[in-house]
Structures are given as structure tokens and as C-alpha cells.
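Got your viewer open? Let's take a walk through this structure, one selection at a time.

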Amino acid sequence: MFQLGKTIVSEDIIKKDFVCNLSACKGACCVDGDAGAPLEAEETKILQDIYPKVKPFLRQVSIDAIEAQGTFIISEDGDFETPLLDGADCAYVIYDDKNVALCAIEEAYNQGEINWKKPVSCHLYPIRVTDYTEFSAVNYHKWDICDDACTLGKELQVPVYKFVKQALIRKFGEDWYMELENIAKKFA
């Protein structure tokens, strides 16, 4: 672990390799698990605002779930999350013609309907950020469904922090990321 500004960062984001391999995992991170994607407080308002433009990209089962539960939920722990379908799939999941899970929010973004890519927690994955009073913890989240991504990352020699560069800049800023790159050089 090392400190970078007001973050405590796991060395794993520098030492581990990762490149999503959707052809292998089929987007399992969006459909497996027992909770929705973590949301920041300001993202809940964004979801409410963009829902009418995302709705045409959604499956009917997702529309039904979102309209019953809301564009976001509050977990038992008081955290904001995306709603789920039957306790599994994120309600914003759609599927392509190869049955790969994709994000309807990101699809709306890619088609120019909205200017928000997706929740930052999704954009950052496999990095998870936990906010505390005085600092944020930046950790690599190891999940067996991502083994193929780790293999591909190792093949391509892409460390986690480089794979999620744009998301890290989005979350912490360009200066923070440039300093992270300088720290990473010391590990090489």
C-alpha cells in the first residue's frame, strides 16, 4: 500500500495485469453477485435524469424492475446501488447478439443519447474505491469470473491501472493519475 494524495492505494493495481475479455466471460460481472453496482450520491440524480433516454435501450423486464424499484436503490447498509433483476442481473444490463451482457447506459452514451458513460464504479472495475472520512482506499478486486481477464492482461502486459486509466482520471483527476504512473515506474 502507498499513499497518493488523499488515497491509500493497493500495490496490486500496479503489479497485477488485467484486460476485460468479454468473449470469454460474457460480461459476468454485470449479472453475477448479490448487489447492484455501487453508486456515488451524485450519480443517483444523474440516473434519474437520464432514465428517459436510457429506457429505449432497456429490455422490458429491466424497465419493469426499474419502474418498480426506482432508478437506484438504497441497500440495507445505506449504500446507493443500481437495482437488480431477481437478485442477480443489474437492471441496466442488455445483451448483444452473442449473448454478452452490456450496459444500456453505456450503449446510450455510445450512441450519443447521453453524455454520462456509466457509474464510475463500473468504469473502474476491477478497482473498487471505498471512501472513508479522511481518505479513500483504492483496491484491486480479485474475482474468479475475471480469471480470463487476468490471463489476457498478462499476455498483453497491461497492468490494472493502465486498463482503467480513463476511469481513474475521471475519479481522481489527471494529476493524480500522472503521479500514479510515476510511482508505478519505481515498481518496474
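Start by selecting Lys-165, Leu-168, Ile-169 and Phe-172 in α9, then add Glu-174, Trp-176, Tyr-177 and Leu-180 in α10: this is where the two helices meet. Keep in mind as you look around that the model is predicted.

Now show α9 and α10 as ribbons. Their axes are 7 Å apart, and the helices pack at an angle of about 130°. Are they parallel, perpendicular or oblique to each other? Angles over 145 degrees would count as roughly antiparallel and 65 to 115 as roughly perpendicular, so α9 and α10 are oblique.

**Into the core**

Stay with α10 and pick Leu-180. Setting aside residues up to four places away in sequence, Leu-180 touches Phe-2, Leu-4, Ile-13, Ile-14, Tyr-161 and Leu-168. Next, bring up the largest nonpolar core, which has 26 residues. Leu-180 is among those with the most contacts inside this core, along with Ile-13, Ile-14, Ile-127, Tyr-161, Leu-168 and Trp-176. Where do the core residues come from? Color β1, α1 (12–15), α6, β11, α7 (147–156), α8 (160–163), α9 and α10, since each of these supplies at least two of them. Which element gives the most? That would be α10, with 5 residues.

Apart from this core lies another one, of 24 residues. To find it, select Phe-72, Ile-94, Ile-114 and Trp-116, which are among its members.

**Over to the sheet**

Now look for an open sheet of 4 strands, with mixed pairing. Reading across it, the order is β1-β2-β11-β10. Why do β1 (2–4) and β10 (127–131) each have one side without a neighbour in the sheet? They stand at the edges, and each has a single partner strand, so the other side is left free of sheet neighbours. Tilt the view and you can follow the twist, which averages 25° from one strand to the next.

Zoom in on β2 (residues 7–9) and β11 (residues 136–140), which pair in the parallel sense over 3 bridges. Click on Thr-7, and opposite it in β11 you'll find Ser-136. Then put α10 (residues 174–187) back on screen: this helix packs on the sheet, touching β1, β2 and β11. The direction of α10 makes about 150° with that of β1.

**A serine and a cis proline**

Next stop: Ser-121, in helix α6 (residues 120–124). Buried or exposed? Its relative accessible area is 11%, under the 20% cut-off, so Ser-121 is buried. Show its side chain and look for the backbone oxygen of Pro-38, which lies 2.6 Å from a polar atom of that side chain. Beyond its neighbours within four places in sequence, Ser-121 is in contact with Ala-37, Pro-38, Ile-127 and Arg-128.

Go along to Pro-126, in the loop between α6 and β10. The peptide bond from Tyr-125 to Pro-126 is cis, with omega near 20°.

**Two loops to finish**

Select Asp-86, in the loop between β6 (84–85) and β7 (89–90). Asp-86 isn't a glycine, yet it has a positive phi of about 50°. It is exposed, with a relative accessible area of 82%.

Last, jump to Asn-99, in the loop between β8 (93–95) and β9 (101–103). Here the phi is positive too, at about 65°, although Asn-99 is not a glycine. Asn-99 is exposed, with a relative accessible area of 52%.

Key: Residues are numbered from 1 along each chain as its sequence is written. This is a predicted model: local features need pLDDT of at least 70, side-chain atom pairs count only at pLDDT 80 or more; totals for chains, interfaces and linings use all residues. Side-chain values use heavy atoms; hydrogens and water are left out. Two strands pair if DSSP finds at least two bridges between them. Axes are lines fitted to C-alpha atoms, for helices over the stretch in contact, and angles run from 0 to 180 degrees between N-to-C directions. Contact means heavy atoms within 4.5 Å. Buried means under 20% relative accessible area, exposed over 50%, partly exposed in between (1.4 Å probe, protein chains only). A polar contact is a pair of N or O atoms within 3.5 Å; within protein, one must be able to donate a hydrogen and the other to accept it, and residues adjacent in sequence count only if both atoms are side-chain atoms. A nonpolar core is a set of buried Ala, Val, Leu, Ile, Met, Phe, Trp, Tyr and Cys residues joined through side-chain atoms within 4.5 Å. Angles under 35 degrees count as roughly parallel, over 145 as roughly antiparallel, 65 to 115 as roughly perpendicular and the rest as oblique.
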